Amino acid sequence: MSRVYNFSAGPAVLPEEVLKEAAAEMLDYNGTGMSVMEMSHRSKAFAEIITAAEQDLRDLMQIPDNYKVLFLQGGASQQFAMIPMNLMKNRVADYIITGQWAKKAAKEAEKYGKVNRIASSEDRTFSYIPDCSDLPVSEDADYVYICENNTIYGTKFKTLPNTKGKTLVADVSSCFLSEPVDVTKYGLIYGGVQKNIGPAGVVIVIIREDLITEDVLPGTPTMLTYKTHADANSLYNTPPAYGIYICGKVFKWIKSLGGLEAMKERNEKKAKVLYDFLDQSRLFKGTVEKKDRSLMNVPFVTGDADLDAKFVKEAKAAGLENLKGHRTVGGMRASIYNAMPYEGVVALTDFMKKFEEENL
């Protein structure tokens with residue numbers, strides 16, 4: 001069977017070149033006579049893999065020297081607790097609620113202190129990003145938290161919130177490495193890699209060094225303390241070694257294409273094809289306010305649940321996989337991450353045109 005176009009929100013499509021390279025190295029990585037899956041995380045070969053991966057990520061994002069890069073486990077959801085455990089010194093934090101994941105993060109943080117929800121777009125099913133230019137940021141807040149790209153709802157912060165001098169913490173799981181980023185605007189950036197960077201099982205945390213201290217909330221487990229992992233260069237315990245190896249290959253792939261500027265151009269070109277079609281379609285419509293549209297996740301509906309189901313079924317038969325929308329939005333969602341080729345988006349819009357003609 002040939003490869004399908006996989007529009008899954010995550011675990012998601014990986015670059016074919018990376019998969020082929022990994023396949024070629026599966027039985028013998030670089031003359032070691034073994035797979036990276038079987039390799040000691042204390043070995044020289046793996047030390048080179050993780051060191052190169054970190055350096056390539058630093059190059060791509062121009063990460064300043066006073067930020068640490070951590071390759072951790074537990075997925076983005078574990079960060080919902082780890083962030084307050086490590087950063088909530090005053091036991092107060094401000095959260096901007098733009099979707100399910102920010103909502104879950106805020107709820108988890110309430111176990112550790114006072115959470116102020118200072119803005120929300122829940123009133124219109126998270127179909128927009130609220131104005132964050134002048135928010136009631138709490139004077140004693142330890143940080144302001146956002147989910148920068150909302151996988152389920154297809155929205156993206158185009159302008160970061162004015163945090164009035166407070167530390168900005170951002171979950172970037174579904175827009176990681178999709179465009180250039182000014183790391184200095186954040187205290188902590190994190191994301192699960194299974195959408196745009198690698199296989200499920202790795203979460204990358206980029207954290208400013210002054211936020212890494214031993215002064216964490218009482219009862220914080222050793223494994224959930226950033227300092228533990230920063231001091232050990234992500235090798236305190238056995239890390240998700242194979243996942244990190246694939247991430248490293250994806251970093252090199254992005255570099256080979258011209259870095260994050262080139263990635264942004266590619267992503268804008270792909271998204272334009274799909275959004276332009278949605279904007280003139282008589283059957284399908286996008287669910288997000290135009291100014292807040294994500295380049296990565298594109299939800300759309302016909303307005304008829306039965307027709308939506310028919311579309312998803314027929315699309316699957318045509319080799320367009322995982323287009324069913326999240327239950328909270330319904331309809332369809334195309335996740336068009338970095339590794340989704342331009343041809344995949346064209347194939348999707350061609351199919352949508354055909355479906356529209358047959359079902360109007």
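**Exercise 1.** In this predicted model, K264 and E268 both lie in helix α7 (residues 259–280); work out how they are placed along the helix, which contact joins them, and how far each is open to solvent.

*Solution.* Begin with the spacing: K264 and E268 are 4 residues apart, about one turn of the helix. Next consider the side chains, where K264 forms a salt bridge with E268 and the closest N and O atoms are 3.6 Å apart, which falls within the 4 Å cut-off because a salt bridge is defined by that limit. Finally, K264 counts as partly exposed because its relative accessibility is 29%, and E268 is likewise partly exposed, with a relative accessible area of 37%.

**Exercise 2.** Determine which residue forms a salt bridge with K354, and how the two are separated in their helix.

*Solution.* The partner of K354 is E358, with the closest N and O atoms 3.5 Å apart. Both belong to helix α9 (residues 342–359), and because they are 4 residues apart, about one helical turn separates them. K354 itself, at 44% relative accessibility, counts as partly exposed.

**Exercise 3.** Describe the largest cavity by its volume, its lining and the character of that lining.

*Solution.* Start with the volume, which is about 40 Å³. Then list the lining, which includes K156, K158, E179 and R293, along with residues such as C175, L295 and M296. Sorting the lining residues by character gives 3 nonpolar, 3 polar and 4 charged.

**Exercise 4.** Establish where M37 is placed and whether it is buried or exposed.

*Solution.* M37 sits in the loop between α1 (16–24) and α2 (44–61). Its relative accessibility is 54%, so M37 counts as exposed. Together with M26 and L27, M37 forms a nonpolar surface patch with about 340 Å² of accessible area.

How values were computed:
Residues are numbered from 1 along each chain as its sequence is written. This is a predicted model: local features need pLDDT of at least 70, side-chain atom pairs count only at pLDDT 80 or more; totals for chains, interfaces and linings use all residues. Side-chain values use heavy atoms; hydrogens and water are left out. On a 1 Å grid over the protein atoms alone, a cavity is a set of points where a 1.4 Å probe fits but cannot get out, and a pocket is an open set with protein on both sides within 12 Å along at least five of seven lines; lining residues have an atom within 4 Å of a point. Grid points are joined across faces, edges and corners, and a volume is the space filled by probe spheres set on the points. Ala, Val, Leu, Ile, Met, Phe, Trp, Tyr, Cys and Pro count as nonpolar, Asp, Glu, Lys and Arg as charged, and the others, Gly among them, as polar. Patches are made of residues with over 30% relative accessible area and no salt bridge: like charges are joined within 9 Å, nonpolar side chains (Val, Leu, Ile, Met, Phe, Trp, Tyr) within 5 Å. Accessible areas come from the Shrake-Rupley method with a 1.4 Å probe; for residues, only the protein chains shown count as cover. Buried means under 20% relative accessible area, exposed over 50%, partly exposed in between (1.4 Å probe, protein chains only).
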